[in-house]
Amino acid sequence: MLDFDQVTAGYGNAVVLDRLSFSIAQGRSLAVLGRNGVGKTTLLETLMGNTRVTSGAIRWGGDDITRWPAHLRVRAGLGWVPQEREVFPSLTVEENLAVVARPGPWNLGRVYDFFPRLRERRANYGNQLSGGEQQMLAIGRALMTNPALLLLDEPMEGLAPILVEELARSIRRLCESEGLASVVVEQHPVLALEMTHQAIVLERGTVVHAGPSAELAADVALLDRLLGVGIEEIPG
Amino acid sequence: QDALRIGLIATYSGPYADYGRQFDAGVALYLKEHGGKIAGRPVEIIKKDTAGPAPDAAKRIAQELVVRDKVSVLTGLDFSPNAYAVGAVATQAKIPTLVMNAASSAITGSSPYIARLSFTVQQVTDPMARYMLKQGVKEAYTVVADYASGQDAETAFKKAFAAGGGKVVGEVRTPMNNPDFSAYVQRIKDARPQAVFFFFPSGVMPPAFLKVWKERGMEEAGIKLFATGEATDDSFMEVTGDVALGLVTSHHYSYAHPSAKNQKFVKDFEAQFGSSLRPNYFAVTAYDAMAAIDLALAKTQGDASGDKVMQALKGLSFESPRGPIEIDAATRDIVQTVYIRKVEKVGGKLVNVEFDKFDRVKDPAKEAQ
Amino acid sequence: MKNTLKLTPQRQRAAEVAFWLALAGSFFLLPDQLTLMSQILIFGLFAVSLDMALGYAGILTVGHAAFFSAGAYVAGLLAKHGWGEPISGLLVALFASAALGYALSYLVVRGADLTRLMITIGVCVLLAELANRLSVITGGTDGLQGMVVWPVLGLFEFDLFGKTAFGYAFVIVLLMFLLVRLVLRSPFGLALRGIHDSRKRMLAIGSPVEARLRMAYAFSAAVAGVAGALLAQTTQFVGIESIGFNRSAEVLIILVLGGTGRLYGGMVGAIVYMLVHDWFADMNPQYWMFWLGIFLIAAVMLGRGGIMGALSRRFRTGEPTR
Amino acid sequence: MSAVHALQTRGLGISFGAFHAVADVDLTLEPGARQALIGPNGAGKTTLINLLTGVYRPTAGSIRMGDQDITALSCDQRARLGLARTFQINTLFPSLTPLLSVVLAISEREGLAATWWRPLKRCTQVFDEAHALLVRLRLDDLANVPVAQLAYGKQRLLEIALALAARPRILLLDEPAAGVPEDESGELFEVIADLPKDISILFIEHDMNLVFRFSRRISVLVAGRILTEGAPAEIGSDPRVREVYLGNTHVAAHAAIARAAYA
Amino acid sequence: MAIVIFDGVAYGMLLFLIGVGLSITMGLMNFVNLAHGSFAMVGGYAASALMGRLGLGFFPALAAAFVAAALVGAVLEFVFYRRLYRAHPLDQVLLSIGLVFVSVAAFTWGFGPTMQPFSLPSWLEGQLTVGSIAVGRYRLFLIVAGVLVLAGLLLVLGKTRYGAMVRAAVDNQRVAGGTGIHVQRLFFLTFSLGCGLAGLGGALSLGMLGLEPSFPLKYLVYFLIVVCVGGAGTIAGPFIAALLVGIVDVAGKYYLPEAGAFLIYVFMIAMLLLRPHGIVPRKGLT
Ligand SMILES: Nc1ncnc2c1ncn2[C@@H]1O[C@H](COP(=O)(O)OP(=O)(O)OP(=O)(O)O)[C@@H](O)[C@H]1O
Ligand SMILES: Nc1ncnc2c1ncn2[C@@H]1O[C@H](COP(=O)(O)OP(=O)(O)OP(=O)(O)O)[C@@H](O)[C@H]1O
Ligand SMILES: [Mg+2]
Ligand SMILES: [Mg+2]
């Protein structure tokens, strides 16, 4: 469904992604792992058309969307949760959600059921929310666009443990029951690998490992080499 | 023979661009009538824009005109601060400087090389006070724009009016660029004076004031209105429209001045620039300034050195389209007839029709000294 | 990055020296434009002073003419009432406008950008109106007349060709510029950049933000006052136009054209703006505004951040690393 | 009241309109404390930090630092008394470099920042100290890259560097490790834990690894009020905390580590 | 007393009508559009030229003024403004000042430096007696027009998704695009609306202010005052501010003519010190 083909992209003259390729099929999910600054966020920004692509192509369904403006990508089914949440500060929670609404299974009621906390804070402005609430709102906002592919940039950051568990479960469930595909960028590999089917690991803008999530999760030595994760710190 | 270079410092852009346009027309007309020559020499006019009152720019321009362009005469000077700033250059370089408009009284005193062909605020205000007294007005209310000329007009009016036994019962100064005059007019209406004298620079202020005056029915309330000729500047007469009808003003030039000289002037002017631009007091002064240089150089036999030209200018008198004028030998300021006019519709056009006059009026501010 | 040249500190220094030498050279190269050149220098200094407030301290102000004219009137009144010594006149103007700036800073350091913008405009218009009212002292709209400025150092009379004026303006502007440069490269200058970037973070690291801004504003006012005094002394006249919204807006245009927050932006902006302005006005006294407008539009469309902004994309300079 | 507490609040509260974001909080921070503040999203943790640092004015209660009442002081005054913080959402100097940012923080601390007559470059000690600090947080090779171009995780580190540059007596950290990879966040916390023993630290964190490894005491905030306080082991096994916050997260192991480390 | 307040309200309404478009382009869209007066001028000239030369009626001329200014705005948005939405505000200042210069010179060239002739339709001239006071017809008309425009805008911007979309796009264009908002088209329409309103205000000002090529610079400060004192980006704010400014100005000039030129600025500074974000601050500002 999504095909990222030999894409080189960056900001201005700086190249961040270097001939990077991967693809995702419908209803599948992909974990994007890597240390700070390897280009994970840039990858998602490139998918949304916010970087300068110098070569390669991004294909979505049958279309080459490499040069499409962002709003058309959203209409075509990409739903984006930016890393720094970036909720609209001068809109209330409810407006934040309503303003991006597109027809589909997700509507205000369902998002509120998904994050009851948002319903409580519905009249607060975007800048009057706690960090975690903003995170919920950013996710809820992406859902309101009724995407076919959800792009999540560190969605768990700043959420309480109880919510992290719940959210991971929900996203997995959405994949299975509604055929929603997702790209999950995460700092916590274990969590991300648990949520996804496939995984890629980036290093300096290129893929250094690609494979099924479960395999990577099981190969502690590899994980440690790629990401420097010590086993005793794995939660759960 | 090399050209006589004249530096023309005026406003060609911005809100007062009409001044430069009128100057240009007056100058061009004189030159055209005289085959492009003054005192037998071809003339080169170097135009410089100050974009309004900008003394630092005016002074710089004057210096450049003298140093780089080697002009023999400086002229133009629509705004008083510009004229004051140029005065120092005139003195230092000994360049005759003919003021075409700047109306602050002391300008001629600021340099011995300055002569004025236009008028002073006091010169046209004082006769109006005397005229009003003559009409039996005993009490008047003054409205002036709050800037130097407005203050000059107020002072001159009060002095002349009081001297003739009149009483100023109220006075108000409005800010420049005042968009809405309703408060001031209402105030006057509530004060019910016998008459109102006002002074505004020509342009947007007089029509705005007159509009409210009309709207409030001041005339019906029996309050008479008088002003100086800036209020009915010929350049703005048509756009001011019917609200000006009947307004009595005092000034030194009306486009409808009935003399033969003026009729020819107006006719030539229309032939040259079409009928959409009416010559006003700027154009006529510019025309006269050229005439004055011409006459002065004729007296000096073409010698353009500063002292000689100034000597020739002193006491120079000639017939202008506005009537007889003279450059006072002592003050280098103009002596001229000031007319009392009334706005009427003549042949479908609004014009200032002269019906009374004060002869040989000198600048009253100088006479007092 | 391609197409960028790295400027070593030595080359940067050399470029600066060359810049000032070129300006000084106009004394010989443009002998009949000296008055224009001295006014360019003066407006350059004025724009640099605005840059301290706007580009470095981040105080959006369109009221800087208040300080410029305060300096001008102080120097002018001194010279009118019997003290025509220029250098001491400048010093008095400097302190007077610094004091005015410090007093007014209490009104402007708080509040958001638009609020500051409007307050500075308001204060400036009020002062202009005040100068108009006090016409007995200031000469009102006719301008302050009767200034007698003594020869510089008792030696150099202000001449018709503007030689003395240029030399005097050049030396003073250079000195003031070096002072501004010193201030902006000091720890205090760094603090200003910090405030510009994030006031919230500055508070969190314990910076008394408002006090810093007040000081910067007073500094900036002082420099503007010197510029105004210079103009008054070299033209021997003070017009009420030196105060007010239009002059404030003009210097803002100059600075933005040159580039804010870049030290040389004000000088470069003044040179380009005034030369272009003079050139267009000479060519076409009626409609030069049209061409100047086109020039400004083209300048923005071709490069953001003004001329210095465009230059800085070609040349990279090292931040002080030690 | 004895002055042994580094920081103490009494009945502290703030309401936004009718909503009580923080209410009646009595929180005490001992000298040398390594204390965590946890609680569900929107419990009021950040708001509490904002009250402590003076960003918000409390609507009720008081704050004392040592034996001084600081309730009425402004942000910068508190900071100069030695109260430093990091922000949950990066609040940095985007146009400066990390080096200059830290230099700035140090010169503010040293009272140098009002100095206008001396070039910055001459302040060599400040630069040395800044460099050392950046080395400690592994930002030294990015020292001269504009902050705006740093990856998010590096910016988080700079947040902490700026707080540390103030040489605080009390350090308030709002999710300092969010966005930092796991291995680095561990190291980061080691840096924090290694700070001089007399610095009191209060940190908010949602990563239970870190909380249970590095805190000696945990306060749990729920709906603006302190639900409970105690040693990590007690909190980890408190059913109320599990219900509202921890869920099934496994913390026993960490509690054990923590005990081992600080016993 | 009553007449003074009435005059003040009418004057305020005029300020509101001209300034409200700026609250949209500068306040809502965050574009420091100092060329606002130029768009008002386009409307004014369009109306006066159409009425004077083609004999168009007053209402059609008002509509034409709106359309003309909106069209000019649309073209300029397409060519210039859209490239600068994300630029530094000072770059926006430079662009819009450049446009002001160009428009001033162009209108001087096209229409001459003097005022435009204009006369109101006769049913709007003179006074009308309402109760015990005689009020200017045109002033009354301005008040009605102001209230209508206020109501219309409140409805469109406050109660519709369109308004929220504009605010979202202004808050964060990148993310707005990334959540499906067609930012470019939205801004294009909104900017044109703001310009159209300016044009309408410019045409309505014909009955009170003189229209000449320097209009955009001359009244700039007034527009800014109304928008900033009221609260940039809101509609109700500038409305209230305009009323207060109008009343303070007129009443001040009536009762305290010596302070005439000072009052409005003193009032502005006082208001801004009391309410730095305006009378009706835009929501969600930190
Ligand atoms: N606007 C920008 N301009 C130039 N370079 C940038 C910009 N944003 C990011 N970079 C650079 O691009 C690289 C990749 O950054 P990116 O944010 O994609 O990393 P990341 O993998 O998401 O890191 P993190 O885990 O910290 O979120 C970094 O080296 C960063 O410095
Ligand atoms: N200015 C404000 N006006 C109204 N409500 C506010 C305001 N600021 C914060 N709140 C509310 O106060 C509550 C506490 O927010 P706070 O940021 O302190 O939470 P937190 O405990 O830090 O949560 P998180 O873990 O998600 O960061 C939130 O529900 C938030 O919506
Ligand atoms: Mg990232
Ligand atoms: Mg928080």
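Two chains are taken to be in contact where heavy atoms lie within 4.5 Å. On this criterion, 7 pairs of chains touch in the predicted model, and the pair formed by chains C and D shares the most contacts. Other pairs remain apart. Chain A and chain B do not touch, their nearest C-alpha atoms being separated by 36 Å. Chain B likewise makes no contact with chain D; the nearest C-alpha atoms of these two chains are 34 Å apart.

Chain B comprises 369 residues and contains 12 helices together with 15 strands. Its radius of gyration is 20 Å, which agrees with the value near 21 Å expected of a compact globule with this number of residues. Along the principal axes, the C-alpha atoms of chain B occupy a box of roughly 65 × 45 × 35 Å. Buried residues make up 67% of the chain. Among contacts in chain B with a separation of 6 or more, 68% join residues 24 or more positions apart. The exposed area of chain B is about 11600 Å², of which carbon and sulfur atoms supply 50%. Chain B carries 44 positive and 42 negative charges, and the mean positions of the two sets are 2 Å apart.

Chain C is annotated in its unreviewed UniProt entry with the feature "transmembrane region". The annotation covers residues 20-47, 53-75, 87-108, 165-184, 251-276 and 288-307. Two of these spans were examined in the model. Residues 53-75 of chain C are 65% helix and 0% strand, with 23 Å between the end C-alpha atoms. For residues 251-276 of chain C, the helix content is 77% and the strand content 0%, while the end C-alpha atoms lie 15 Å apart.

Helix α8 of chain C, formed by residues 187-197, is mostly covered, with 8 of its 11 residues buried. The buried residues begin with the run Pro187(C), Phe188(C), Gly189(C), Leu190(C), Ala191(C) and Leu192(C), and Gly194(C) and Ile195(C) are buried as well. Within chain C, the cover over these residues includes α2 (34-56), α7 (163-184), α9 (199-204) and α10 (209-235). Chain D also takes part in covering the buried residues of α8(C), through its helix α3 (98-109). The surroundings of α8(C) thus include elements of both chain C and chain D, the two chains that share the most contacts among the pairs in contact.

Key: Residues are numbered from 1 along each chain as its sequence is written. Chains are lettered from A and ligands numbered from 1 in the order in which they are written. This is a predicted model: local features need pLDDT of at least 70, side-chain atom pairs count only at pLDDT 80 or more; totals for chains, interfaces and linings use all residues. Side-chain values use heavy atoms; hydrogens and water are left out. Helices (H or I, at least four residues) and strands (E, at least two) are DSSP runs, numbered from the N terminus. The radius of gyration is taken over C-alpha atoms; the globule rule is 2.2 Å times the number of residues to the power 0.38. Buried means under 20% relative accessible area, exposed over 50%, partly exposed in between (1.4 Å probe, protein chains only). Accessible areas come from the Shrake-Rupley method with a 1.4 Å probe; for residues, only the protein chains shown count as cover. Lys and Arg count as positive and Asp and Glu as negative; His and the chain ends are not counted. The place of a charge is taken as NZ of Lys, CZ of Arg, CG of Asp or CD of Glu. UniProt positions are given in the numbering used here, feature names are shortened, and annotations may be inferred rather than shown by experiment.
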